[in-house]
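This report introduces the pockets of one protein model and the ligand that accompanies it. Please keep the structure in view while reading.

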Amino acid sequence: MAEPKMTTLRPTDAPAWKALQAHYEKIKDVPLRQLFADDPQRGTRLTAEGPGLYLDYSKNRVTDETMRLLVQLARERGVEERRDAMFCGKKINITEKRAVLHIALRAPRGTRIEVDGKDVVADVHEVLDKMAAFSNRVRSGEWKGHTGKAIKNVINIGIGGSYLGPEMAYIALRDLSDPKMTFRFVANVDGAAFVDATHDLDASETLFILSSKTFTTLETMTNAATARKWIVDALKNDSAVAKHFVAVSTNAEGVSKFGIDTANMFGFWDWVGGRYSMDSAIGLSTMIAVGPKNYEDLLAGFHDMDEHFRTTPLEKNLPALMGLLTVWYNNFFGAQTVGIMPYADNMKRFPAYLQQLQMESNGKHVDLEGNHVEWQTGPIIWGEPGTDGQHSFYQLIHQGTKLIPCDFIGFCQPLSPLTVQHDYLMANVLAQAEALAFGKTAEELKAEGSPDFQTPFRVCEGNRPTNTVLADKLTPRTLGTLVALYEHNVFTQGAVWNIDSFDQWGVELGKVLAKRIIPELESEAAPQLKHDSSTNTLISRYRKSLGRKN
Ligand code: F6P
């Protein structure tokens with residue numbers, strides 16, 4: 001197959017980019033009210049269906065011409081060629097010379113995807129089988145702790161991509177989780193997190209999953225050492241480690257050094273980025289919670305969306321459309337952020353999950369050639385579940401001076417038996433999208449009897465763009481499609497911007513500096529501080545507070 005079009009052309013030089021700039025000048029002030037009035041079918045036309053998902057993008061500040069130009073931009077930027085290169089295992093993570101194959105994690109058994117001439121799908125299924133066998137042993141009580149008791153508590157220790165996905169998925173699918181078991185997630189190096197997760201648990205019934213792609217991350221290694229001590233102190237025997245710890249990692253050597261038999265290690269590969277790993281062995285806690293069958297459905301959902309992204313023309317391709325709309329607001333309207341508002345309590349950690357997925361992927365300042373970009377890259381991603389956010393920060397979205405495109409995500413069928421409450425929930429998501437798009441004019445307010453002195457304060461200008469993503473029900477399969485939707489959305493943006501969405505060099509500097517500061521905080525003797533005057537003073541103040549010498 002053809003090499004991906006790693007065009008050296010800057011996105012801003014693409015003919016479609018220039019056409020979009022001219023087009024933006026024409027439509028930037030056109031209100032959504034007018035766009036809807038001019039086209040009564042807009043709300044059914046500007047929609048697209050994906051596997052189990054319905055996308056209504058009609059409440060965006062776009063016309064048919066905008067969408068045509070955005071799709072043209074994607075084509076000129078080689079989004080399709082890069083997508084195809086990703087799917088067949090080309091090393092598109094160029095700064096680490098790695099393939100980017102999270103799509104192989106959910107490829108059906110028997111599919112062939114090669115990296116350096118080796119099929120990786122067979123390896124994926126070998127690990128999935130091992131995970132399923134282990135999950136079944138834990139869930140059935142066959143896997144016993146050191147004292148012979150069955151495991152009741154599972155604690156995932158990991159951070160970033162080794163934490164956010166497992167916690168998000170656990171909460172999303174908590175109704176399917178084994179009610180006899182407790183699942184907790186420890187990420188922060190703040191000891192409060194570990195203490196909170198363990199204070200009421202019996203060590204003899206607790207299993208730790210040490211999740212770390214590298215098995216070197218400071219937070220995870222520190223919490224792992226604390227967990228080991230907690231187990232050994234409680235069970236009074238070093239050999240208890242074998243029954244109370246398993247590891248998920250690409251680093252077999254590190255796992256062995258920690259004292260975990262690699263037979264109890266679940267592997268993955270360097271072609272899985274941390275933030276793209278929740279469906280690798282990093283999902284072990286998810287599988288134990290919901291069982292292998294539900295986990296299989298989750299993977300099937302991911303795969304459904306992969307196939308949609310791979311085969312659907314860009315004009316109807318959900319992740320591509322959403323990615324292009326983000327480019328539209330980010331690069332032409334100058335929007336700085338995207339709000340993610342899932343209207344489902346079980347999806348409360350989805351915005352945090354998407355923060356890492358998107359901001360670690362597309363928060364980049366140089367292009368694929370290493371040149372400083374002269375165009376905006378990844379937006380700030382943030383959000384809270386509806387309806388909570390409505391009573392907190394929505395005021396600014398409705399009437400503030402910033403343009404904040406939002407994705408609203410709703411599920412038609414409730415998870416709880418409280419169906420009346422579900423109607424209220426869904427009424428709110430629909431109402432918010434309507435209010436943001438169409439607002440309320442002074443004339444309308446006056447006609448409703450608004451006192452003159454209040455009217456200007458009550459006006460909502462509208463023209464605030466939203467996507468609405470609707471699914472029937474939050475199931476494992478739906479969750480998989482939603483996560484993959486955003487993975488490929490991020491991919492589309494990164495391909496347009498000509499950046500490497502799969503490295504994360506920016507996180508390294510802080511890690512190195514923290515390693516230097518740790519001994520300066522810990523030392524008994526006064527340290528010779530050689531930082532800037534601000535950092536030196538803060539270190540001294542910290543030491544003073546703890547009674548350490550300065
Ligand atoms: O510091 C960022 C990061 O490298 C993320 O990309 C990753 O998900 C996280 O740390 C955890 O890394 P690991 O799984 O190797 O412990």
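## The largest pocket

The largest pocket holds about 1,000 Å³ of space. A pocket is an open set of points on a 1 Å grid over the protein atoms alone, where a 1.4 Å probe fits and protein lies on both sides within 12 Å along at least five of seven lines. Its volume is the space filled by probe spheres set on the points, which are joined across faces, edges and corners. The model is predicted: local features need pLDDT of at least 70 and side-chain atom pairs count only at pLDDT 80 or more, while totals for chains, interfaces and linings use all residues. Residues are numbered from 1 along each chain as its sequence is written, and side-chain values use heavy atoms, with hydrogens and water left out.

The lining of the largest pocket comprises 39 residues, where a lining residue has an atom within 4 Å of a point. Nearest the centre of this pocket lie Thr214, Thr217, Gln504, Glu508 and Lys511. Two or more lining residues come from each of helix 9 (218-235), helix 15 (350-362) and helix 21 (508-522); helices are DSSP runs of H or I with at least four residues, numbered from the N terminus. Helix 21 contributes the most, with six residues. By class, the lining has 12 nonpolar, 17 polar and 10 charged residues. Here Ala, Val, Leu, Ile, Met, Phe, Trp, Tyr, Cys and Pro count as nonpolar, Asp, Glu, Lys and Arg as charged, and the others, Gly among them, as polar.

## The ligand and its surroundings

The ligand sits in the largest pocket, meaning that more than half of its atoms lie within 2 Å of the grid points of that pocket. It is surrounded by 14 residues, each with a heavy atom within 4 Å of the ligand. The closest are Ser162, Ser212, Thr214, Thr217 and Glu360. This shell consists of two nonpolar, nine polar and three charged residues.

Oxygen atoms of the ligand pair with N or O atoms of the protein at 2.6 Å in the side chain of serine 212, at 2.7 Å in the backbone of glycine 161 and at 3.1 Å in the side chain of glutamine 356. Taken alone, the ligand exposes 390 Å², and the protein buries 88% of that, with areas from the Shrake-Rupley method and a 1.4 Å probe.

## The second largest pocket

The second largest pocket has about 420 Å³ of space and 18 lining residues. Ala344, Asp345, Ser416, His422 and Leu425 lie nearest its centre. Helix 17 (residues 419-438) gives the most to this lining, with three residues.

Definitions and conventions
Polar contact = N/O pair within 3.5 Å; in protein donor to acceptor, adjacent residues only side chain to side chain.
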